[in-house]
Every structure is written in structure tokens, then in C-alpha cells.
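Trainee: Please pick one part of this model and take me through its surroundings. I would like a close look rather than a tour.

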Amino acid sequence: MEDPLGMQPEAMRQLGYRTVDFLVDLLADPRAVPATRGASPREMARRIDATQPAMAQDFESILDDLGRNVLPFASRCDHPGYFAFVPGSGTWPGALGDLIAGALNIYAGSWQESAGPSQVELVVLDWFKQWIGYPPQAAGVLVSGGSAANMTALACAREARLGAMSDRAVAYISDQAHSSMVRAARVLGFRPDQVRVLPVDDDFRMRPDTLVPAMAADRLAGRRPLFVAASAGSTNTGAVDPLSELAAVCRDENVWFHVDAAYGGFAALTERGRGWLSGIEAADSVTLDPHKWLYQPFECGSLLVRDGDLLRRAFEITPDYLKDAQAAAGEVNFADLSIQLTRMSRAVKLWVSLRYFGIDAFRATVDRCLDLVHQAQERIEASADLELLRPASLGILCFRRSFADTDDEDEIARRNAALVAAFAGTGLGLVSSTRLRGRYAIRLCVLNHGSGPDDIERVLHWFETSTPHPVPPAARRVLAQERHMPVDRTWLGYPPVAVATLRALPLFAELTDDDLERVGRAAEVRVAPAGEEVVRRWDAARDFYVIIDGTLAVHVESRHVRDLGAGDFFGELAALDWGASFGYARLATVTATSDALLLMLPGATLNDLVREFPDVETQIRHAVADRLPQS
Ligand SMILES: *Cc1c(COP(=O)(O)O)cnc(C)c1O
């Protein structure tokens, strides 16, 4: 029989050797290539032939095409100057591990079909358990990454504590949580009022003293606190939430405590890291991404669950056609521990690379990254032209260029953004940006095993000495599209608010009459008699208010925070879409101190305005930066 897809051993060897040479050439000198190189869709369409290859092609010409037209247009996340997002540098033995798993097409779903790879996965996960101080009865599973692990954790928690999804379940995260957490919530059916985004303390850590009253308010309203996700190594600043305190709160409240330690968790290999991550062992579940700080090739994430049985019970389903592969006592079917049935063996690359270098080598590398980021901090602190915005934490720090001729936040942001964009063009490396309490910040994430002191110096020197050329603010945009207004806000209920009324409000100064007319159709005017609590701390309502007339007072607990008058607005924190349509609960109580006339807008309309009008965005962003720290 002829197998058109089969190959002779000699030809296989030739292709393999050729590919290894090709790769080693690309990997030999990582500083020789730009860290990133972009291209327009038009250029890529020109470079990559879309014709279906009906006939066989020569391997050499395929490699040549890859090397010329494909691979140069992919960031080298392993570049020693790559400090953007979360870098990823794999190892050669790790890559060969993937080759082995791929070449043999190992199916790592059931013990029956893969006792060897399953045992390897158990062994590797056991090492992880020991590193974070988990007990032997904990279970784990290798998944594609942190996003999959976080979703698996939330699904496991819901099954374990609640069973079927309920409209009453509430999950709590801080405003520093990774976006994958809210995506998980949305996909699993949590609606906008079922995720509570909580403000953080001055060190960007979740606050037990807001978590407790938020849960109490939800219980009072008949809801069921289900899940708290803390960060151990937040993506923005590397902050570690107060894990032990949060674990204690969750234990008292009978709420699942998850720790997202996707990128930061492997700092537990080092003594310093273990100190910072203390308390992680008390979590019900932990996300760890070996493809970040454990130097594995993408994709490799993991979830560990303290009470291992719960993970299996959440996912195990055995139909008739899989009965033959059912796990006997003592066997583990990894397909029973997550949503994947067919799954590759991600354990092979871990096992190969951890053994080849020895764990001490990984520990030393994580330690060296921690040293490097502290050196970067000292370098920034000593510079007259750089400003440290967040000190080093688990490999991340935030800084920016300062300028003698301006302290205007928006101008500083524009100039720093121009520098970040220009730096990418140099090919020397890559950094990314974020916002910290509304302030523009450049993030340095020092994780790559190839990065050294010179790479840090090259970046910081560049940012210290280069001249920014900001682009002018984006031209005025128009409201993209009109949404369907809820029926009760249009012809059945309230008449549109007059353009003249809206025109008088400073927030809308930038809008044309047409824009205002649309806003007027979404809005409603309501009266708040003196003494009325218009919004109450921890309420789940998301409306946004602008004061047309009258005065109101803002309180956080019993503390008076500010007075508001005509033209001021409130409710923006809860109205803003923090991600996947989830947002803060009300963080303050606002009470009318005179009879007041209020313009009330649905949260969605405020989000449209913020997206479309730069001036509205600026005013709202400044208010958030002022108000959030006081809540
Ligand atoms: C990277 C990261 C994630 C997402 O992980 P992926 O592997 O990219 O899916 C989640 N949480 C944190 C804290 C992360 O750093």
C-alpha cells in the first residue's frame, strides 16, 4: 500500500537535521534580530501566497519562505531586550520536548492510553505542588495557559460550591485582576451584576476591608458570594494581594479562594519569592503558567486544586464510548480534569527541560531576574529624567520619562506613548504601557533568561535621552452607532431631555447638537428630594448621573468625602466597563443635601461617550484618578 503522507527514514533525518540547523541559526544570536517587526495586512498578503498548494513543494523552498516572509514578522518574545507584556523565553530542550510529544502524537488524556506520559505529568505537577506548599491530595492539570486555567478554576469552584449556574452567584476580583478572569466569568454565564470589581489599596493590592462589606451587602440583597480571585503577581504592577488575610476571609465566608499566580507563581522557587507568596498554600486553587517564568515553550499553563477530588468531580464525564478508558483506582485520566479530551503531553517538555538543566538552574535564573529588576529600579531612582511609578515586584516595575517643562498628565502621557512607540521601531527591545490610577506608565517585565544588565541599561538609557515626537490627539470622532434604547426610556416612558439642558453641562462641552440629541434620548431627568440616597455604597446599580441643579454629598462609610453641585457628575466608577461589561459596585453613598435635579444615563451610554469623545474621556479619567483612592 502506498501512503502518500508517509516518509522514508533517511528523508525524515534529512528534514530534521535541516530544520535543526535552520532553528539554531535563528536562535544563536538573539540580539541580532529586532525584538519586534510589524507589517500591514497588505504587506503580509503580498508576502504570503494564498494559493492552495495542490502539489508537493520542495522543503528548502518552504523553509526559505518561512525565513524570509513569515518568521521576521513575529515578535521575538525571547529577545533579551523584550520587557513588554509578559515575555516568554523557552529553552532548546523544552522545544525538543514539544517535538517529541508532537512527533509521536502522544495522547495524554487517559491512563490506559498513556500511563507513561500521565505519570510524567503527575510527577511534574507534584513538583509544582511542593514549590507552592500544597498538600499531596491536591490535583493539577496542564492546560494551554493562564486563561484556560482561570476558567477551569471558576468552573470547578461553581460546580463544587453551587452546582448549576445561578443568577445569585457573585465573583469578586480587584481592578488589577487579569482580563482572563472576567472573560472566564462571562463565558461561564456570569452577568454584569454578578462580578464585583473591587478597588485596591495604595500598593495596588486587594483590600480585605472592602471585600468583607461587599460580600455582606450581597448576602443582604439575597446574593451568594461564590468566588474570590486574588493575584499573586498582578499583570500591571506585579503586586501580590494579601493572600493569608484573604484566605481567612474566604474560609469564614465559605467562599472559594483562587489565586491567579500565572506569571508570578514560579518565584516560589526562590527564597525571596516564597516569602512574597506566603499564603498561596491556603488557596483552594492556583493558576501557574510554566510558559512564563518556568521557561517552557508556548503553550503551557496549569491549574492546581487543593482538594483534588473536586477538580475531577467538576469535569469527569464517562459516556459509553469511553468506558474502556475509565480510570481504575490509583490511575488518573487527565481528560477528566479539564475541558480537553484529546490533549497533547505538555508534561514531556517540562520533564525534559527541568531534568536537562536541573531545577537549580531555573531557580538561579528566576533569582537573577529579581536582581535585574531591582537594579533597574535603582537606575531609575538615580536618574533625573526618569520617574519610578511602582517599585519592583515579582519582576515588574513601572516608570516613565519626566519632563522639566510640563507636569500636565495628558501631555506627559502623550510624550511617553510616543517614546514607547518609537522604541519598538529601534528593534533594540520592546516595552509596553499601562495606566496606574489613570497615570500613564511604562512597564518593564524582566523575565527572559537571556536578559542581562546591559539590556536593561540600553532600554533605560534610550528612554532617558530620546526626544519624543507625540502625534496630535486623534481627530474628533462621532458616535459610532445608535444603540437600541430600552423601550421604557423612549416612547413609553420619558420624553427626550432637551438639548439646551444638556448644553449647559461642562461634561458635554465637546458634543454637537446632534450628539446631544442622541444623548438626550438615552437620558432621563429625575428629581431627588433633599435627604434621598441616590446611590448607596455596594449597590449593584450602574447608572451615571450629572447634576443639573442642587447639591449632594458623598460619603464613604461615615467619612464625608466631597460635596457636589450643578455640572458635577457621579456614578462613573460603577458605570464604566472594566471588562466584559463588569464594573465596580457603588463605592460611595451619594445623598441629596438640597432638592436636586439629576440627569441619569445608563452605564452603556457613558461608555459610548468615553469611547467617542476624547474630552469626556479625559474628564472621566481625571475623576476616576481622584476619587478611586478615596474609596
Ligand atoms: C498571563 C496571565 C494570564 C493569562 O495567561 P495566558 O497564558 O496568557 O492565557 C492570567 N493571569 C495573569 C496574572 C497573567 O500574568
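Mentor: Two strands pair if DSSP finds at least two bridges between them; strands (E, at least two residues) and helices (H or I, at least four) are DSSP runs, numbered from the N terminus. This is a predicted model, where local features need pLDDT (the predictor's confidence in each residue, from 0 to 100) of at least 70, side-chain atom pairs count only at 80 or more, and totals for chains, interfaces and linings use all residues. Residues are numbered from 1 along each chain as its sequence is written, and side-chain values use heavy atoms, without hydrogens or water. The chain's average pLDDT is 94, with 96% of residues at 70 or above.

Let's settle on strand S2, residues 169-174. Because 6 of its 6 residues are buried (under 20% relative accessible area, 1.4 Å probe, protein chains only), S2 is largely enclosed by the rest of the structure. One side carries Ala169, Ala171 and Ile173, the other Val170, Tyr172 and Ser174, and both faces are covered.

Now look at the pairing. S2 runs parallel to strand S4 (residues 224-231), joined by 5 bridges, and Val170 stands opposite Pro225 there. S2 also pairs with strand S3 (residues 195-198), again in the parallel sense, over 4 bridges; here Ala171 has Val195 as its bridge partner. To get from S2 to S3, the chain passes through helix H7 (residues 179-187) in a right-handed β-α-β crossover: with the strands pointing away from the viewer, the path from the first strand over the helix to the second runs clockwise. So, to put S2 back in its setting, it is a strand with 6 of 6 residues buried, bridged to S4 and to S3.

Terms used: Buried < 20%, exposed > 50% of the residue type's maximum accessible area, 1.4 Å probe, protein only.
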